[in-house]
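Subject: Structure handover

Hi,

Here is the structure I promised to pass on. Have a look first, and my notes follow below.

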Amino acid sequence: MKSLGSIRRDFAPWSDPQAKPYIRFENVTKRFGDFTAVNNLSLSIYEREFFALLGASGCGKSTLLRMLAGFEEPTSGKILLDGQDLRGIPPYRRPVNMMFQSYALFPHMSVEKNIAFGLKQEGMSKADIDRRVAEMLKLVKLERFASRKPHQLSGGQRQRVALARSVAKRPKVLLLDEPLGALDKKLREETQFELMDLQQELGLTFVVVTHDQEEAMTMADRIAIMDKGEVMQVATPAEIYEAPNSRFVAGFVGNVNLFEGSVAERTENSARITGGSGAQILVENAGEAAKGNDVAFAIRPEKIRISSRKPQDAVNALEGEVYDIAYLGDMTVYYVKLDDGQIVRASMLNAARIVDDPLTWSDRAWISFRPDAGVVLTR
Amino acid sequence: MNATWSRFNIVSIVLGFAFLYLPIVLLVVFSFNASRLVTVWGGFSTQWYAALFRNQGLMDAAWVTIRVALVSASAATVLGTMAALVLTRYTRFRGRVLFTGMVFAPLVMPEVITGLSLLLLFVAVGLDRGFLTVTLAHITFSMCFVAVVVQSRLISFDRSLEEAAMDLGAPPVKTFFQITLPVIAPAIISGWMLAFTLSLDDLVIASFASGPGATTLPMKIYSQVRLGVTPEINAACTILIGIVSLGVIAASIVNKRREVQRRRDEQAAMRLD
């Protein structure tokens, strides 16, 4: 079998201006009474994409999914699926299927019957249904449990039945609402890769709602970060992490250090940012920031070096004292309190087994980073 | 715990149970009395049971009662389930609170008032009192009991089951009959059984709503007792007690078994994971 990575690397329809979006939200707004769950949102999802909607609870991500499934109608705006306007089409006539967070397995039906339910609605022949059910059971490795009832299964098995049931009809799009939310950590990690394999094998478009950023980063081709009913950024996991477009996204995904300041000097590529207390930071690829703008310089903890003496070659170096140390095994996180009072988080990979660490609590320390290690945020 | 089995506790329990069950025990014992005098023991005999089955009046009344109970329990179950569905599903319609109150008011309404009002209604519309009116009256008052039982089940019903069925292509009506109804069936069945027993032992409302030719068993027993208790009545009551207790015991055994089996299955599933 071709490795997943080689298929994935070439897959980027969103950067192709010719590519037609498969699912399209156009200025979609959804209000429940006075509460606006989704606010004038536009979004494109491409065929065969593994798309993740990531956000805190109440950000509107589930509402978006439910509108796609047909359980809610948009207050205004429209949703297109493969060119077809979905308005007014009830859930039972939409070519999408959903895997529910609670799995929603029918308690009075066996595993087989659960999987066959959707096929029966289509009026498929008995023989075809049996064949498809057997195929699905094999796909999720539950052949031995075909005649069990849902309450006779473990959490992981129930999750796989729910998955098999939702893909049995070969929908154009599979919607997954927190698909791994009810599993424990170890099972969740295994299942993530199973889901990715399944998506490749069946060639489906997946839209997954999650609040777990690790899950979204691992599985998705692209992630939409949502907040208060709006999409903050849509990008690949690497872009979201390395090039967030706003303070919100930078802070939402992973850990980040933000240095607030203003642009003192601006050349074609680089910029010099002066912090409130006079600290100078030189940045390459400063983006849109113009001279005089109030900006934030965002840098991830693992891109900061920490040393006891001022590094000779460093362009950006700031002095402070070690405020706290968290030893996590695979890495150590240092919290350095700069002289202007800001606390900076720097993490160091413990690549060597025994580290003769010269730094300890209350030591003077220098943090340094390269000019291209972080990004300048204007929003 | 043993320390708490003091003399006082034992006395309390004996008194409590005696208070509850002594009258019933007396009734059962005297149904086997050979003597015609209800309160004087004249030796063991089953003659009153034989007499009971020869008593055409009592047997007719029993048959009427069973028919009324079957019909009214079934109709009340349909109506009560519909009311419960509306009350739990459509939570935003105008006048919902009033409607809820009106559905549940008969639960606390004195039976005399319910019976009298029904009687007035039947007279007003010119309905001849008989089998039909008793049945209608029983539907009216047992419907709200069914609604309460079914509603409490529907509150904990996971709506995503219905959404999943629709998502898989089942239209709403099909979803209701294939998913919702089977899942809430146990509550509907117990609602039916409640309605059935309520109808079976109702005296007050039946007395108002019934007419000649539709005398129910409780009415018959009551009218005979006014002429003096006969051992026959004791026998009839003993049989009723027997049927009801058998039903209750059987239902609880079945429930218990299912619960144990379910727990065992769940534990087995956890080990497999």
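A bit of vocabulary before the helices: a crossing is called left-handed if the near helix is turned anticlockwise from the far one by less than a right angle, and right-handed if it is turned clockwise. Helices (H or I, at least four residues) and strands (E, at least two) are DSSP runs numbered from the N terminus.

This is a predicted model, in which local features need pLDDT of at least 70 and side-chain atom pairs count only at pLDDT 80 or more, while totals for chains, interfaces and linings use all residues. Residues are numbered from 1 along each chain as its sequence is written, with chains lettered from A and ligands numbered from 1 in the order in which they are written.

On confidence, the model scores ipTM 0.81 and pTM 0.78. Chain B averages a pLDDT (the predictor's confidence in each residue, from 0 to 100) of 85, and 97% of its residues score at least 70. Within chain B, helix H7 (residues 159-167) has the highest mean, 92, and helix H11 (residues 231-272) the lowest, 78.

Now the packing in chain B. Helix H3 (residues 56-89) and helix H8 (residues 172-200) of chain B have axes that come within 8 Å and cross at roughly 140 degrees. Axes here are lines fitted to C-alpha atoms, for helices over the stretch in contact, and angles run from 0 to 180 degrees between N-to-C directions. H3(B) and H8(B) are therefore oblique to each other (under 35 degrees counts as roughly parallel, over 145 as roughly antiparallel, 65 to 115 as roughly perpendicular and the rest as oblique). H3(B) passes H8(B) in a right-handed crossing. Among the residues that meet (C-beta atoms, placed from the backbone, within 7 Å) are B:Ser72 and B:Ala76 in H3(B), and B:Trp192 and B:Phe196 in H8(B). That contact divides into nine nonpolar, eight polar and no charged residues (Ala, Val, Leu, Ile, Met, Phe, Trp, Tyr, Cys and Pro count as nonpolar, Asp, Glu, Lys and Arg as charged, and the others, Gly among them, as polar).

H7(B) also packs on H8(B), at about 140 degrees with the axes 9 Å apart, which makes H7(B) oblique to H8(B). Their crossing is right-handed. The residues involved include B:Leu161 and B:Met166 of H7(B), and B:Ile179 and B:Val183 of H8(B).

Finally, the contact between the chains takes 24 residues from chain A and 21 residues from chain B. On the chain A side, strand E6 (96-99), helix H3 (111-121) and helix H5 (155-167) each give two or more residues.

Cheers

Conventions: Two residues are in contact if their C-beta atoms, placed from the backbone, lie within 7 Å.
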